[in-house]
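This report looks at one helix and at a set of charged side-chain contacts. The cut-offs behind each term are given where the term first appears.

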Amino acid sequence: MPSSPSGSSTLGLACAGGVIEGALYEIGALCALDEAIAGCRLHDLDIYVGVSSGSLIGRMLANNVSARTLSRAAVSESADPSLHLAPEVLFRPAVNEYAGRLLRMPGAVFSSLRHYLLHPGDLSVLELLATVGPLVPTGLFSNAALERFLAEALSANGRTNDFRRLKRKLYVVAMHLDSADVTVFGEPGHDHVPISSAIQASTALPGLYTPVEIDGQHYVDGVARRTVHASVGLDAGADLLFCVNPIVPINMQLKRHATRLLDRQARGQGASLAHRGLPTVLSQTFRAIVDSRKQTGFKKYEHTHPEADLILIEPECDDTRLFFSNGFGFQNRRDICEHAYQATRSHLRTRAGELQTILERHGLWLRQDVLDAPHTLYDTRPSTYNDGPQGSSSSMTEVLRKTDDVLTRLDVLLDRLHDRTAEPDRSSSERS
């Protein structure tokens with residue numbers, strides 16, 4: 001069994017976006033990782049990178065909240081009410097945005113009429129849509145309520161809403177709307193921004209939420225540029241970076257259980273995604289685009305950061321459960337977390353040999369006994385796995401870790417006692 005890392009490697013975690021379903025997937029996957037990897041705890045790493053809904057996960061882990069605690073909060077079973085994010089907080093109509101656009105209507109109508117009176121040949125449906133474009137709201141919802149929820153949650157139980165006061169490095173990624181440049185909140189120059197405001201900007205999915213204004217600049221969801229933004233963690237010095245990404249396109253041609261898909265999710269609509277309408281087509285297209293960028297980026301990291309290791313956890317391309325899920329129902333949230341938990345355990349078992357080699361380079365190891373033992377995420381029995389400082393003190397992983405620490409300290413103490421008892425003998429020998 002490898003020895004403890006003892007600070008020899010800088011460990012990091014990067015969580016991608018994926019709206020609510022993505023966050024739920026990440027929570028389940030992180031619980032599986034936390035149990036199966038010995039030598040570290042995911043809420044006690046050195047670096048955290050979050051983009052979009054992944055930033056919601058990163059801000060809590062960086063504040064020493066365990067993945068297990070997040071899994072309970074996801075289904076409103078946590079003892080800490082400040083962690084319970086109600087779905088209605090995420091979907092407040094952007095009333096101010098609607099009002100502002102309505103106020104522009106008279107001027108826009110007058111300008112359009114004047115233009116067409118002077119240029120009657122330009123009149124067409126597309127031209128008309130272009131002229132009314134400024135009247136269309138930039139988003140259906142405002143996530144200002146999310147920012148207030150986050151600010152309150154980060155001010156409770158010893159947590160902080162200030163990047164500079166964290167013991168660990170936290171980076172929240174968004175896209176600057178007017179330049180399309182990536183902005184990394186938490187880096188010098190952007191670390192004065194409250195964590196809650198940075199997350200509000202990073203989760204502002206275009207079309208769904210209005211852009212977020214910070215220091216006079218407007219920002220939108222960082223996924224618009226990249227999926228995981230692993231480079232942020234690597235540039236910050238991560239030697240081993242765990243990456244969790246729920247955004248992958250589905251390959252219906254590889255779906256092994258097509259009949260189940262038809263029966264449960266697309267009865268009478270056919271097996272093609274086209275039969276499910278525009279939202280599904282757009283989702284598949286978006287996922288394919290960001291997945292292509294992710295693959296390109298990971299290949300580039302092999303050359304730009306050859307000394308670093310990355311472990312990527314994401315759904316299989318034939319996993320329809322997450323693609324067709326609806327994460328707003330209570331029971332469905334539990335199902336998504338459980339599905340991600342079991343899928344990740346299966347993934348780790350399949351790649352055990354490869355992952356063990358990577359982990360050993362950083363003083364970590366894969367707990368095959370945990371992966372082989374049947375277990376569910378929301379088992380009602382007392383937890384036998386690592387839950388960090390907020391979980392059960394009987395956690396098997398925690399007990400093993402503490403035992404290892406005690407034995408190490410005992411070895412050091414015995415060595416010192418041996419040296420002290422040997423000194424008089426050497427002195428007597430020298431005098432004689």
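## Basis of the description

A residue is called buried when its relative accessible area is under 20%, exposed when that area is over 50%, and partly exposed in between, with a 1.4 Å probe and protein chains only. The model is a predicted one, in which local features need pLDDT of at least 70 and side-chain atom pairs count only at pLDDT 80 or more, while totals for chains, interfaces and linings use all residues. Residues are numbered from 1 along each chain as its sequence is written, and side-chain values use heavy atoms, with hydrogens and water left out.

## Helix H3

Helices and strands are DSSP runs numbered from the N terminus, a helix being H or I over at least four residues and a strand E over at least two. Helix H3 spans residues 67-74, and because 7 of its 8 residues are buried, it is largely enclosed by the rest of the structure. The buried residues of H3 are Ala67, Arg68, Thr69, Leu70, Ser71, Ala73 and Ala74. After H3 comes Ser76, which has a positive phi, near 60°.

## A salt bridge between H3 and H1

A salt bridge is counted where a side-chain nitrogen of Lys or Arg lies within 4 Å of a carboxyl oxygen of Asp or Glu, and the structure contains 11 of them. In one of these, the side chains of Arg68 and Glu35 come together with an N to O distance of 2.2 Å. Arg68 belongs to helix H3 and Glu35 to helix H1 (residues 19-36), so this pair ties together parts that are 33 residues apart in sequence. Both partners are charged residues in buried positions: Arg68 has a relative accessibility of 7%, and Glu35 has one of 1%.

## Salt bridges at Asp291 and Glu354

Asp291 and Lys294 also form a salt bridge, at 2.8 Å from N to O. The two residues are 3 apart in helix H11 (residues 278-304), which means that about one helical turn separates Asp291 from Lys294. Asp291 counts as buried at 10% relative accessibility, and Lys294 is likewise buried, at 7%.

Glu354 and Arg351 make a further salt bridge, in which the closest N and O atoms are 2.9 Å apart. Here Glu354 is partly exposed, with a relative accessible area of 44%, whereas Arg351 is buried at 18%. Elsewhere, Arg41, Asp44 and Arg168 are joined into one network by salt bridges that share partners.
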